Amino acid sequence: EKNSEVLNNIVKKVEDQTEILKEYNKVNVISDLISGSVNKQAKIDLETFVQRYYLQNILRSANKRFESMTASQYQLILKDLNKTGKRTNEGLDLMVYSLVTGKVREIKTLSGGESFMAALSLALGMADQIKNKKGSINLDMMFIDEGFGSLDEEALEMAMEALETIESEGRMIGIISHVRELKERVLQQIRIDTEGSGQSKIRYQLG
């Protein structure tokens, strides 16, 4: 009788354990999906998944600028999930797609000038998305600190044309630079002149 009582208790606990394991497995699958720990899957957690969604929207806006700046040569794309490894959040890596060759390469292969134009395009793409998502927020002004020195004459011309287009859309663009060609092209300037005594003077110049 004692053994039967013990056996009945064990059977009940085993049944309870089975139900608990069923619930655990459901929760565990969801946990693995959210943390990006499912086998044979790129390691992308929920936060990165959401970031990837918004980054794709930013890239759509950014590529309108980047294509223009690179004479319709390049687009920025996210790394294909099927080609990501097990490194955490590799799904946010940016790649460069060539509209000329149809090939994809690492973004680090861009030249200094191309990297500057890519960064500028991403900043403008983000500003566009903020405006589209939050109608009450409008980034009317943007300052660009240097970077123009890395551009050759042709790339500098394309970058300036892109900035002039942005300005015609109602945005104010401020450029912080020492490049002589920009000094000659930008009419409204706030100039800082350093004197021999170590002091500086600031003046506004129009034309």
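# Reading helix α2 and its surroundings

Modeller: Helix α2 bends by about 35° at Ala62. The model under discussion is predicted, and this bend is a convenient point of entry.

Biologist: How many residues does α2 have, and what distance does α2 reach from its first C-alpha to its last?

Modeller: Helix α2 has 24 residues and reaches 34 Å between its first and last C-alpha atoms, close to the 34 Å expected at 1.5 Å a residue. The end-to-end span should be read together with the bend of about 35° at Ala62.

Biologist: Which residues of α2 are buried?

Modeller: The general idea comes first. An α-helix has 3.6 residues a turn, so residues three or four places apart point the same way. In this structure, the buried residues of α2 include Thr48, Arg52, Leu55, Ile58, Leu59, Ala62, Arg65, Phe66 and Met69. Asn57, Ser61 and Asn63 also belong to the buried set.

Biologist: What covers the buried residues of α2?

Modeller: The cover includes the strands β1 (74-78) and β2, together with the helices α3 and α4 (153-168). One residue of α3 illustrates the contact: Gln129 is found in that helix, which runs over residues 112-133. Leaving aside residues up to four places away in sequence, Gln129 touches Asn57, Ile58 and Ser61.

Biologist: Is Gln129 buried or exposed?

Modeller: Gln129 is buried, because its relative accessible area is 14%, and the cut-off for burial is under 20%.

Biologist: How should one read a salt bridge, and how many does the structure hold?

Modeller: Side chains of opposite charge can pair when their charged atoms come close. The structure holds 7 salt bridges. One of them joins the side chains of Arg65 and Asp128, at 3.3 Å from N to O. Arg65 lies in helix α2 and Asp128 in helix α3, so this pair ties together parts that are 63 residues apart in sequence.

Biologist: Are Arg65 and Asp128 buried or exposed?

Modeller: Arg65 is buried, with a relative accessible area of 14%. Asp128 is buried as well, at 15%.

Biologist: Which salt bridge lies within helix α1, and what separates its closest N and O atoms?

Modeller: Lys12 forms a salt bridge with Asp16, whose closest N and O atoms are 3.3 Å apart. The two residues are 4 apart in helix α1, which means that about one helical turn separates them. Asp16 is partly exposed, with a relative accessible area of 36%.

Biologist: Which residues are linked in a network of salt bridges?

Modeller: The network links Glu157, Glu164 and Arg185. Within this group, the side chains of Arg185 and Glu157 meet at 2.7 Å, N to O. That pair links distant parts of the chain, with Arg185 in helix α5 (residues 180-185) and Glu157 in helix α4, 28 residues apart. Arg185 is partly exposed at 30% relative accessible area, and Glu157 is partly exposed at 34%.

Biologist: Which residues form the nonpolar patch on the surface?

Modeller: A patch is read as a set of surface side chains rather than as a stretch of sequence. The nonpolar patch is formed by Ile30, Ile34, Leu46, Phe49, Val50, Tyr53 and Tyr54, with about 690 Å² of accessible area together. Helices α1 (2-35) and α2 (46-69) each supply at least two of its residues. Helix α2 gives the most, with 5 residues. Ile30 has its place in helix α1 and is partly exposed, with a relative accessible area of 49%.

Biologist: What follows α2, and what is the sign of its phi?

Modeller: Helix α2 is followed by Ala71, whose phi is positive, near 55°; Ala71 is not a glycine. Ser72, also not a glycine, has a positive phi of about 60°. Ala71 lies in the loop between α2 and β1, as does Ser72. At 45% relative accessibility, Ala71 counts as partly exposed, and Ser72 counts as partly exposed at 46%.

Biologist: Where is Gly102 found, and how far is Gly102 from Gln73 in sequence and in space?

Modeller: Gly102 is found in the loop between β2 (94-98) and β3 (104-106). Gly102 and Gln73 are 29 residues apart in sequence, while their C-alpha atoms are 9.9 Å apart in space. Gly102 is partly exposed, with a relative accessible area of 41%.

Technical notes. Residues are numbered from 1 along each chain as its sequence is written. This is a predicted model: local features need pLDDT of at least 70, side-chain atom pairs count only at pLDDT 80 or more; totals for chains, interfaces and linings use all residues. Side-chain values use heavy atoms; hydrogens and water are left out. Patches are made of residues with over 30% relative accessible area and no salt bridge: like charges are joined within 9 Å, nonpolar side chains (Val, Leu, Ile, Met, Phe, Trp, Tyr) within 5 Å. Accessible areas come from the Shrake-Rupley method with a 1.4 Å probe; for residues, only the protein chains shown count as cover. A salt bridge is a side-chain nitrogen of Lys or Arg within 4 Å of a carboxyl oxygen of Asp or Glu. Buried means under 20% relative accessible area, exposed over 50%, partly exposed in between (1.4 Å probe, protein chains only). Contact means heavy atoms within 4.5 Å. The expected span of a helix is 1.5 Å times one less than its number of residues. The bend at a residue is the angle between axes fitted to the seven residues ending there and the seven starting there.
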